[in-house]
Amino acid sequence: MGVALVCLGAAAWLAGGWHSGVRRARMVLAEGRTGGTGRTNGTDGSGGADGPGGASGAGRTGAHPARRMTDGWRHVRSRLRPEWWSAAAGLVLALLGHSVLPIVAGAAGVPVLRRVRLAGRERRARERRQDAVIALCGTLAGEVRAGRQPGEALLCAAHDSGGLGDAQAAVLAEARFGGDVPGALATAAGQPGAEGLRGLAACWRVAVDQGAGLAAGLDRLEGALRAERDQRSDLRAQLAGARATAVMLAGLPVLGLLLGVALGSDPLHVLLHTGAGLGCLLAGGVLEGLGVWWVARIVRGAEAAS
């Protein structure tokens with residue numbers, strides 16, 4: 001029964017992915033045809049066959065409802081955050097189990113999932129900024145070797161890589177007018193993921209004050225930052241097994257409920273309408289939350305230790 005449920009889930013996922021791909025292809029083709037029609041028509045959109053009363057105007061009017069529906073669905077999908085699926089799942093379980101407890105649990109899960117989503121977005125932004133800092137160091141070293149002055153090279157490299165983030169305007173102003181570039185770089189290093197700018201500030205200070213080679217220092221800094229990024233990637237790959245185990249263990253209760261339904265029992269009624277079931281539900285929820293938190297704590301500790 002478990003193998004059958006896994007096969008059904010995999011089939012549903014594959015079918016959903018294929019249909020979503022077909023829908024994306026159809027939308028792209030439809031947009032391409034609409035764009036081609038717009039380019040073929042007149043620039044002012046009035047008069048003749050290209051006017052509102054012409055054939056092309058009628059074609060566009062006929063395509064408006066479908067396009068409005070597509071735009072409306074995109075707008076709803078962009079506004080509907082993934083954490084609200086917790087409330088939707090709670091509502092469905094409440095209707096199936098004739099109880100308000102799933103609604104309360106689903107509403108309580110919304111802020112937790114929102115926090116997880118925001119943490120993931122911050123992590124991705126931090127990684128993008130780290131990559132941008134590495135690219136900035138490599139581009140700046142190339143510009144200096146090409147014969148540019150450090151300030152001019154920083155202006156060109158910053159526009160090409162964007163590694164300075166929100167503090168780019170302040171750093172570029174200091175570089176353009178001969179100000180305190182290392183101080184501005186140290187301030188910009190306070191952004192999450194931009195810690196490598198402190199090394200760039202140190203290289204800049206040594207090169208300007210003591211006449212050392214800036215390009216050589218930037219090469220060593222870039223190599224160190226790349227090695228650190230590769231080490232984090234390797235550690236994340238090694239911890240992927242622990243994360244997958246945590247997700248699998250978190251999904252086992254759902255599999256147990258599905259097995260109970262497949263065997264002809266009513267697990268939702270037992271869990272939501274009997275004293276023993278409510279006790280098991282409470283204890284299981286607490287142990288489930290503690291297990292997920294403990295695994296996440298182990299993973300974060302390993303990443304911090306690295």
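Student: How many salt bridges does a search of the whole structure find?
Tutor: The model is a predicted one, and side-chain atom pairs count only at pLDDT 80 or more. With a side-chain nitrogen of Lys or Arg required to lie within 4 Å of a carboxyl oxygen of Asp or Glu, a search of the whole structure gives a total of eight.

Student: Where do E127 and R123, whose side chains meet in a salt bridge, both lie?
Tutor: The N to O distance between the side chains of E127 and R123 is 3.9 Å, which falls under the heading of a salt bridge because the cut-off is within 4 Å. These two residues are four residues apart, about one turn of the helix, and the element that holds both is helix α4 (residues 101-145).

Student: Which residue in helix α9 forms a salt bridge with E127?
Tutor: The closest N and O atoms of this second pair are 3.0 Å apart. The pair links distant parts of the chain, with E127 in helix α4 and its partner 109 residues apart from it, in helix α9 (residues 214-262). The partner is partly exposed, with a relative accessible area of 31%, and its name is R236.

Student: How many residues apart are D131 and R229?
Tutor: D131 and R229 form a salt bridge in which the closest N and O atoms are 3.0 Å apart. At 35% relative accessible area D131 is partly exposed, and R229, at 24%, also counts as partly exposed. The pair links distant parts of the chain, D131 belonging to helix α4 and R229 to helix α9, and the separation is 98 residues.

Student: Which residues are joined into one network by salt bridges that share partners?
Tutor: E127 forms a salt bridge with R123 and also one with R236. E127 counts as partly exposed at 25% relative accessibility, while R123 is partly exposed at 36%. Through the shared partners, the network is made up of R123, E127 and R236.

Student: Is L282, in the nonpolar patch on the surface, buried or exposed?
Tutor: L282 has its place in helix α11 (residues 275-305). Its relative accessibility is 60%, and since the class in question begins over 50%, L282 counts as exposed.

Student: What accessible area do the residues of that nonpolar surface patch have together?
Tutor: The patch is formed by L282, V286, L287, L290, W293, W294 and I298. Residues enter such a patch because they have over 30% relative accessible area and no salt bridge, and L282 has 60% relative accessibility. Taken together, the accessible area of the patch is about 770 Å².

Definitions and conventions:
Residues numbered from 1 in each chain as written. Predicted model: local features only at pLDDT ≥ 70, side-chain atom pairs only at ≥ 80, totals over all residues. Heavy atoms only, no water. Patch = residues over 30% accessible without salt bridge, like charges linked within 9 Å, V, L, I, M, F, W, Y side chains within 5 Å. Areas by Shrake-Rupley, 256 points an atom, 1.4 Å probe, with all protein chains shown as cover. Buried < 20%, exposed > 50% of the residue type's maximum accessible area, 1.4 Å probe, protein only.
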